[in-house]
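I opened the file to see how the protein meets the DNA, and then to check a few local features. These are my notes in the order I took them.

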There are 2 protein chains.
Amino acid sequence: MSPYDPSAFPPFAVTVDLVVLTVRSHALCTLVVRRGEAPFQGRWALPGGFVRDDEDLGAAAARELAEETGLCAHDPSAPQPVPDNGAHLEQLATYGAPERDPRMRVVSVAHLALAPDLPAPRPGGDAHSARWAPVEELLDQARAAGSDSPDALAFDHAQILSDGVERARSKIEYSSLATAFCPPEFTVGELRRVYEAVWGVSLDPRNFHRKVTGTPGFLVPTGGTTTRQGGRPAQLFRAGGATLLNPPMLRPEV
Amino acid sequence: MSPYDPSAFPPFAVTVDLVVLTVRSHALCTLVVRRGEAPFQGRWALPGGFVRDDEDLGAAAARELAEETGLCAHDPSAPQPVPDNGAHLEQLATYGAPERDPRMRVVSVAHLALAPDLPAPRPGGDAHSARWAPVEELLDQARAAGSDSPDALAFDHAQILSDGVERARSKIEYSSLATAFCPPEFTVGELRRVYEAVWGVSLDPRNFHRKVTGTPGFLVPTGGTTTRQGGRPAQLFRAGGATLLNPPMLRPEV
DNA sequence: TCAAAAGTGTTACGCTTACACCCATGG
DNA sequence: CCATGGGTGTAAGCGTAACACTTTTGA
């Protein structure tokens, strides 16, 4: 390792940016906030902010998440799990191209959060506006119009969003993470519609049902039933302890 | 996003640390260097160093890798691939606990590099010593003796190493990444021994052969053969263009 | 009574596994 | 000639895909 020289290291700002995903009316959506100042004033951006002086990266991400959504994040790497009234939160990747922020050298540690459908983005302590935007829309804009379009996300946030969506899409294949998009109690059909929204495909309801109920520890029946989706009453389940899905859920091609 | 205040952001040092993995005599090994100064003086650590003022994170990692090993890294995310006489390099994760370096606030963007068996760790421009250490040894020490043992890795490097090894172990399941551990031309048996060393298991040579040769685009025969492993001459292959292995290579349990 | 969603049964097919067997070389 | 590793053939078993069919509700 090159010798440290505490007096000569180049100073960086370190931020966290959040890709907060949820499923709303059959579409995968992400939380974006309107920028109130330059650069990229008036453009949409991922929520985020500076890491504080004495704060761990995951803690900063959880704090930002709570500020923006009121969610209490469940951090799998935390010593003891917080009461799980909240979202899944994990580190995604770190972005630090020298010119990604025109004002100064900023390294952003992006995090990925998965949340159940929330009532509405609360305006938050800050006065800026926020909304849930379908990710297809945002990514299509970035591809079609380029990053200079006024509808495109600020900074390199289109890339970060794209990486976050890809992570979520692949991770629900082999883990029980899709349950993070569901309320505490949910039906097999609701869980299936999550997969369908995240992957953008249709799944066979019968085979899906067998797959998830046949995997030990994935789903735990609560005993209750619901008809909130119409049709025959469906059993309610809670997410089981199993976090890995083996063999994985197969994502149909095309 | 909280408003930026360029004059008030908390300053961080940003470094890259490298988990460089290779397979040497049937064991997964990683490159460690001896620390010449406090803290953790005399302890082994992962190679790494400061990110420069105008340098991207991946570029910093590639530079450190070249300094330590002479390898020219192949960065999949680079605009144009560099001539692939070198290793696979990818970002692993970022570590930024407030007290991870006792002297100052340091955020380290860890990278994972996979390299073919190299002649020997060159002493490098720096005068410190370096060696290839079997990862089992290092991780066992961390588990058994704790991080204060004089044989344990410095800082949180045991955690970083553990995460890197886990990434490599899972990624060779569904990608052609294991070929990064092999020389440019290699046999099916050599590739199988890579899987066996990384996973610490035995694989059936016959079924392995069928699996890798039957996956289109994974291996390309060069026409040559070799008997360097003894026995019947084996066909030589180069890594094909396919980067994803579908269906994945199954890792036998225990 | 009908539409809609939840579930169960059944068959065909693909892939993995386990193992028998043959091939080509060096010592 | 025999040990060593390379490579092919084959049958059993598991898991998925596809789809026919029954169940239970609300409108």
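The entries below go from the DNA strands to one helix, one arginine, the cysteines and the backbone.

**Entry 1: status of the model.** I note at the start that this is a predicted model.

**Entry 2: DNA strand C.** I looked up which residues come nearest to DNA strand C. There are 23 residues around this strand, and A:Arg206, A:Gln235, B:Arg206, B:Lys211 and B:Arg232 come nearest. Both protein chains appear in that list. I then sorted the surface near DNA strand C by class and got 10 charged, eight polar and five nonpolar residues.

Next I asked which elements supply this surface. From chain A, helix H4 (188-199), helix H5 (205-214) and strand E9 (234-239) each supply at least two residues, as does helix H5 (205-214) of chain B. H5(B) gives the most, with four residues.

What share of the strand C atoms within 4 Å of the protein belongs to sugar or phosphate? I get 48%, and the rest belong to bases. I took down individual contacts of both kinds. On the phosphate side, a backbone N or O atom of A:Gln235 lies 2.5 Å from a phosphate oxygen of DNA strand C. The side chain of A:His209 has an N or O atom 3.2 Å from a phosphate oxygen of this strand. On the base side, a polar side-chain atom of B:Asn207 lies 2.9 Å from a base nitrogen of DNA strand C.

**Entry 3: DNA strand D.** I repeated the search for the other strand. DNA strand D is surrounded by 23 residues, the closest being A:Arg206, A:Asn207, A:Lys211, B:Arg206 and B:Arg232. Of the strand D atoms that come within 4 Å of the protein, sugar and phosphate account for 49%. By class, I find five nonpolar, eight polar and 10 charged residues on the surface near DNA strand D.

Here H5 of chain A supplies at least two residues, and so does each of helix H4 (188-199), H5 and strand E9 (234-239) of chain B. H5(A) has the largest share, four residues.

For contacts with bases of DNA strand D, I wrote down two arginines of chain A. A polar side-chain atom of A:Arg210 lies 3.2 Å from a base nitrogen, and an N or O atom in the side chain of A:Arg232 is 3.1 Å from a base oxygen. On the phosphate side, a backbone N or O atom of B:Gln235 lies 3.0 Å from a phosphate oxygen of DNA strand D.

**Entry 4: helix H3 of chain B.** I checked the length of this helix, residues 157-174. At 1.5 Å a residue its 18 residues should span 26 Å, and the end C-alpha atoms are 26 Å apart, which agrees. I then listed its buried residues: B:His157, B:Ile160, B:Leu161, B:Gly164, B:Val165, B:Ala168, B:Arg169 and B:Ile172. Seen down the axis of H3(B), these fall within an arc of 170 degrees, so they line one face of the helix.

**Entry 5: B:Arg63.** Is this arginine buried or exposed? With a relative accessible area of 17%, B:Arg63 is buried, since the cut-off for buried is under 20%. B:Arg63 sits in helix H1 (residues 57-69) of chain B. Its side chain makes a polar contact of 2.6 Å with the side chain of B:Glu55. A polar contact of 3.3 Å joins the side chains of B:Arg63 and B:Glu64.

**Entry 6: cysteines.** I counted disulfides over all chains and the count is zero. I also looked up Cys182 in each chain. A:Cys182 counts as buried at 8% relative accessibility, and B:Cys182 counts as buried at 7%.

**Entry 7: backbone.** Most residues other than glycine have a negative phi, and most peptide bonds are trans. I therefore noted the exceptions that follow.

The peptide bond from A:Asn246 to A:Pro247 is cis, with omega near 5 degrees. A:Pro247 is in the segment after E9 of chain A. In chain B, a cis peptide bond joins B:Asn246 and B:Pro247, with omega about 0 degrees. B:Pro247 lies in the segment after E9 of chain B.

For positive phi, B:Ser25 has about 45 degrees and B:His26 is near 70 degrees. B:Ser25 lies in the loop between strand E1 (13-24) and strand E2 (27-34) of chain B, and B:His26 is in the loop between E1 and E2 of chain B. B:Ser25 is exposed, with a relative accessible area of 70%, and B:His26 is exposed at 60%.

Notes. Residues numbered from 1 in each chain as written. Chains lettered and ligands numbered in written order. Predicted model: local features only at pLDDT ≥ 70, side-chain atom pairs only at ≥ 80, totals over all residues. Heavy atoms only, no water. Near = heavy atom within 4 Å. Polar contact = N/O pair within 3.5 Å; in protein donor to acceptor, adjacent residues only side chain to side chain. Nonpolar A, V, L, I, M, F, W, Y, C, P; charged D, E, K, R; others polar. Expected span 1.5 Å × (residues − 1). Buried < 20%, exposed > 50% of the residue type's maximum accessible area, 1.4 Å probe, protein only. Arc of directions from axis to C-beta. Disulfide = S-S within 2.5 Å.
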